[in-house]
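Biologist: Could you walk me through this model and tell me what stands behind the labels you use?
Modeller: Gladly; let us put it on the screen and begin.

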Amino acid sequence: GPMKERGGPAGLVIKNGYIVAQWGDVNRVDMTSSVTKSYLSTVAGLAIDQGLIKNVTDKMSQYVWDNSFEGEHNAKVTWEHLLTQSSDWSGSLFGLDDWADRPPREGSIDDWKNRKLLEPGTNYEYNDVRVNLLAYSLLQVWRKPLPVVLKEKLMDPIGASTTWRWFGYENAFVNMDGQMMQSVSGGGHHGGGIFINTLDHARFGLLFLRNGKWKNQQLLSEKWINAVQQPSATNKNYGYLWWLNTEQQWKAISSKVYYALGYGGNYIIVDKEHDLVVVARWMDDTKIGEVLNLIVKSIE
């Protein structure tokens with residue numbers, strides 16, 4: 001998939017619905033790496049809201065009838081397992097094997113390829129191939145490109161710019177109802193994912209801060225907004241492709257804070273307690289907690 005040279009640090013702070021601080025070039029379009037996962041989660045939420053997916057606990061094989069979820073192990077995988085990165089799905093997608101994404105540093109490749117599979121829902125493992133499988137599965141449900149779904153259902157209604165893009169891999173095209181459509185990627189591994197500016201990120205974060213409502217229109221159900229914030233069974237600091245502050249990694253910040261996170265210090269942080277959205281691009285990950293502390297102190 002495509003890549004892009006990164007820009008300089010940028011970001012902004014929204015308090016009570018107003019931009020109260022910003023830095024850098026907030027209009028520059030940049031890769032956002034795994035922040036894309038939280039956008040992908042949102043497309044799943046839209047499918048739930050619309051009734052295309054009846055329940056996150058439904059097995060994937062009820063919706064995707066090709067060989068993606070065949071076999072004793074993969075047949076157990078549900079939407080929720082993919083949304084919480086706990087499926088341990090085994091297979092290959094668009095030429096990438098699940099075991100090849102972030103393999104352990106210990107042991108040989110053969111050890112990892114032939115590992116014992118874990119029961120779906122019992123172990124958290126960060127894996128882009130399985131996230132891409134979620135995107136592929138959502139394409140089967142929506143039957144139109146996910147960037148089109150996101151644009152029509154959310155990004156246009158919240159007033160996002162026309163500059164954002166959502167890419168997949170060059171070989172990730174599938175035949176859907178006689179048309180070739182690209183299955184997008186959920187992060188920046190091997191390129192792709194969402195390319196977007198800081199202001200559009202902020203609008204997306206503000207939609208979540210406002211419980212899915214934009215002006216007088218409920219674009220995303222409050223039920224889904226609440227669902228993404230629930231600690232998953234296998235990782236208390238992870239919900240439906242959103243990170244949580246449940247165990248207070250950021251100690252001076254509320255445990256109710258949740259955030260989208262991408263490689264290279266890309267963040268969309270939602271703090272409902274303080275009516276606050278913070279977007280940061282290319283920030284030192286070791287400094288983000290300190291920055292949040294300063295922001296909160298300045299408004300308390």
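**Reasoning behind the labels**

Modeller: Let me begin with one contact: tyrosine 258 has valine 270, in strand 13, as its bridge partner. Please keep in mind that this is a predicted model.

Biologist: What makes strand 12 and strand 13 a pair?

Modeller: Two strands pair if DSSP finds at least two bridges between them. Strand 12 (residues 258-262) and strand 13 have five bridges, in the antiparallel sense, so they satisfy that rule. Three residues sit between the strands of this hairpin, and glycine 264 has a positive phi near 90° there.

Biologist: And how do you know that strand 13 pairs with strand 14?

Modeller: The reasoning is the same cut-off of at least two bridges. Strand 13 and strand 14 (residues 276-281) run antiparallel and are joined by five bridges. Aspartate 271 is opposite leucine 276 of strand 14. In this hairpin there are four residues between the strands, and aspartate 275 takes a positive phi near 50°.

Biologist: Why is strand 13 called largely enclosed?

Modeller: Buried means under 20% relative accessible area. Six of the six residues of strand 13 (residues 266-271) are buried, so the rest of the structure largely encloses this strand. Both faces are covered: Asn266, Ile268 and Val270 are buried on one side, and Tyr267, Ile269 and Asp271 are buried on the other.

Biologist: Let us turn to the rings. How many aromatic pairs does a search of the whole structure find?

Modeller: The search finds 16 aromatic pairs. One of them joins phenylalanine 167 and phenylalanine 195, at 5.0 Å centre to centre with 85° between the planes. Phenylalanine 167 belongs to strand 6 (residues 165-176) and phenylalanine 195 to strand 8 (residues 193-196), so the pair ties together parts 28 residues apart in sequence.

Biologist: Why is that pair of phenylalanine 167 and phenylalanine 195 called edge-to-face?

Modeller: Planes over 60 degrees apart count as edge-to-face, and centres must lie within 6.5 Å. The pair of phenylalanine 167 and phenylalanine 195 has 85° and 5.0 Å, so it earns the label.

Biologist: Why is phenylalanine 167 called partly exposed, and phenylalanine 195 buried?

Modeller: Buried is under 20%, exposed is over 50%, and partly exposed is in between. Phenylalanine 167 has a relative accessible area of 28%, so it is partly exposed. Phenylalanine 195 is at 6%, so it counts as buried.

Biologist: What makes the pair of tyrosine 238 and tryptophan 243 edge-to-face?

Modeller: Their ring centres are 4.7 Å apart and their planes are at 70°, so the pair is edge-to-face. Tyrosine 238 is buried at 1% relative accessible area, and tryptophan 243 counts as buried at 18%. Ring pairs also link Tyr39, Phe204, Phe208, Trp242 and Tyr258 into a cluster.

Biologist: What can you tell me about the largest cavity and its volume?

Modeller: The count comes to one cavity of 30 Å³ or more, and about 60 Å³ of space lies in the largest cavity. Its lining residues include His81, Leu82, Asn123 and Arg130. Helix 2 (79-83) and helix 4 (128-142) each supply at least two residues of that lining, which divides into two nonpolar, six polar and three charged residues.

Biologist: Which residues are closest to the centre of the largest pocket?

Modeller: The largest pocket has a volume of about 370 Å³. Of its 17 lining residues, Ser33, Ser34, Gly262, Tyr263 and Gly264 are the closest to the centre. The lining divides into seven nonpolar, six polar and four charged residues.

Conventions
Residues are numbered from 1 along each chain as its sequence is written. This is a predicted model: local features need pLDDT of at least 70, side-chain atom pairs count only at pLDDT 80 or more; totals for chains, interfaces and linings use all residues. Side-chain values use heavy atoms; hydrogens and water are left out. Buried means under 20% relative accessible area, exposed over 50%, partly exposed in between (1.4 Å probe, protein chains only). On a 1 Å grid over the protein atoms alone, a cavity is a set of points where a 1.4 Å probe fits but cannot get out, and a pocket is an open set with protein on both sides within 12 Å along at least five of seven lines; lining residues have an atom within 4 Å of a point. Grid points are joined across faces, edges and corners, and a volume is the space filled by probe spheres set on the points. Ala, Val, Leu, Ile, Met, Phe, Trp, Tyr, Cys and Pro count as nonpolar, Asp, Glu, Lys and Arg as charged, and the others, Gly among them, as polar. Rings of Phe, Tyr and Trp (its six-membered ring) pair if their centres lie within 6.5 Å; planes under 30 degrees apart count as stacked, over 60 as edge-to-face and the rest as tilted.
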